[in-house]
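Work through the exercises below with the sequence and the model beside you. Try each task yourself before you read its solution.

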Amino acid sequence: MVHSLRSRLLLTLIVVVTVAVGSVAIFASRATSSQFERYVKRNVECYRRCLAELAVYYIDNRSWDGVQPLVDQLAQLYGERLMVYDTRGHLVADSGGSSGRWLDQRPPTSFPVFISYKGAPVGVLYVDPLGEADIGSREAGFIGAVNRSILLAVAVAGLVVLAATLALSRRILGPVERLTAVARRMEKGDLSQRVDVRARDEIGELARAFNAMADGLARLEQLRRNMVSDVAHELRTPLSNIRGYLEALRDGVVQPTPELIESLHEEALLLSRLIDDLQELALAEAGQLRLVRQQLALPDIVEQAVQSLRPRAAAGDLRLIVDLPSDLPAVDGDPERIGQVLRNLLNNALTYTQPGGEIHVYARSAGQEVEVFVRDTGIGISPDDLPFVFERFYRADRSRARATGGAGLGLAIVKELVEAHGGRVWAESTPGAGSIFAFTLPIWLGASSHERERRASHPPEHSASSALPFTG
């Protein structure tokens with residue numbers, strides 16, 4: 001409990017307020033005492049000056065007749081009410097306006113100060129509220145009252161701070177506690193949990209970021225499950241075929257004819273290609289894919305890829321068209337990997353283009369990059385499927401027939417290989433009107449032999465954007 005954020009926040013605020021209010025109280029008490037001492041000294045001086053002036057007046061006039069103007073002048077000068085009585089107790093002057101009454105008719109609230117002439121009293125001066133004889137006790141009482149008021153203010157301020165801290169801590173830490181509770185439920189495997197975001201402050205931003213992270217984790221988990229299911233399916237089909245043929249051979253149901261052996265060989269090759277593709281994806285996503293980057297003439301790479309697929313295009317009654325500008329700059333890349341990218345894109349276009357269609361390969365220079373496009377006149381891709389075409393095992397056609405999409409790894413490999421070169425890849429499509437797959441490669445800017453050797457031995461690090469690395 002002591003180590004909780006609420007306790008630390010409460011203790012911190014209490015310490016800060018205690019120090020602040022305590023400092024103010026100490027300085028206020030000292031300042032009050034100092035000012036009060038000055039006030040008392042000023043009053044004492046006032047009393048002495050008044051006594052001296054009144055004594056001089058009595059000496060000069062030998063009576064108190066006509067003393068009222070002097071009393072009014074002294075009262076205005078010192079800001080006090082002055083009352084002068086003679087030795088018989090009769091009021092002879094009052095700056096407050098009354099005169100002629102006796103002392104026993106209305107006793108003054110202040111204490112008397114005697115006016116002396118040759119050692120004998122000739123009158124009595126009353127001054128409100130203080131006089132020299134009662135200074136010590138009144139000062140002590142005043143300062144004590146001030147200190148008690150300050151202590152009371154400190155206590156009230158402390159209680160107010162305590163209540164405000166509890167209210168604020170509940171308001172501030174409530175969302176954090178809810179966030180913690182949701183995180184603990186997610187830790188137990190419930191990835192459907194989300195935080196109810198209401199605030200627009202930093203806590204609200206944290207909650208929104210947490211929800212975004214939770215969405216990403218849920219999507220990663222779904223992709224992981226899909227990947228396991230897809231890998232199991234892709235491996236199960238050829239393995240089942242091989243197992244069935246081998247069991248039939250073992251039982252003597254079929255004979256080992258050349259056609260059967262050829263079929264088994266094709267299934268084995270299919271398994272090998274699938275495993276190679278998965279391994280290649282894993283290496284690319286881990287940044288461990290070996291790239292031998294060098295200066296490449298892109299038309300040569302494109303022509304090699306197209307020539308290798310012309311027989312398949314001819315068999316499907318499809319036209320392969322290459323249209324590259326003569327001044328296309330050299331690019332920086334691995335010729336084998338770039339050729340693999342082009343073959344995967346062309347194979348994908350050949351699969352989804354109907355007989356009589358065409359596949360068009362063209363490129364252009366764009367700043368420090370070369371953009372390469374593979375456009376087909378095939379069936380196209382729906383807008384719902386387009387954002388996911390570069391994910392592994394994703395097929396727009398949900399049926400798992402190989403004739404309608406293969407294993408679903410070709411475009412995922414394209415994405416990883418292009419990004420390993422520092423390029424970008426994207427797709428555009430209109431259902432029923434064909435698709436365009438495009439990628440970029442950096443223009444060759446020249447490199448020393450030492451740099452080329454370093455590139456060949458140390459593959460470049462890149463940030464794979466695929467949601468789920470394969471760790472099979």
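The exercises that follow deal with a sheet, the helices that pack on it, and some salt bridges.

This is a predicted model, in which local features need pLDDT of at least 70 and side-chain atom pairs count only at pLDDT 80 or more, while totals for chains, interfaces and linings use all residues. Residues are numbered from 1 along each chain as its sequence is written, and side-chain values use heavy atoms, with hydrogens and water left out.

**Exercise 1.** Determine the order of the strands in the open sheet of five strands, and name its edge strands.

*Solution.* Begin with the terms: strands (E, at least two residues) and helices (H or I, at least four residues) are DSSP runs numbered from the N terminus, and two strands pair if DSSP finds at least two bridges between them. Reading across the open sheet then gives the order β6-β8-β9-β11-β10, with mixed pairing. The edge strands, each of which pairs on one side only, are β6 (319-323) and β10 (425-430). From one strand to the next, the twist averages 15 degrees.

**Exercise 2.** Describe how β10 pairs with β11, and find the bridge partner of E428.

*Solution.* Strands of a sheet pair through backbone hydrogen bonds, either parallel or antiparallel. In this case β10 and β11 (residues 434-442) pair in the antiparallel sense, over six bridges. The partner of E428 in β11 is I436.

**Exercise 3.** Find which strands helix α7 touches, and give the angle between its direction and that of β11.

*Solution.* Contact means heavy atoms within 4.5 Å, and angles run from 0 to 180 degrees between N-to-C directions, with axes fitted to C-alpha atoms, for helices over the stretch in contact. Helix α7 (residues 335-352) packs on the sheet and touches β6, β8, β9 and β11, and its direction makes about 175 degrees with that of β11. Helix α6 (residues 298-315) lies across β6, β8, β9 and β11, running at about 170 degrees to β6.

**Exercise 4.** For the salt bridge of R88 with D86, decide whether each residue is buried or exposed.

*Solution.* A salt bridge is a side-chain nitrogen of Lys or Arg within 4 Å of a carboxyl oxygen of Asp or Glu, and the count comes to 10 by this rule. The closest N and O atoms of R88 and D86 are 3.4 Å apart. Buried means under 20% relative accessible area and exposed over 50%, with partly exposed in between (1.4 Å probe, protein chains only). R88 is therefore exposed, at 63%, whereas D86, at 10%, counts as buried.
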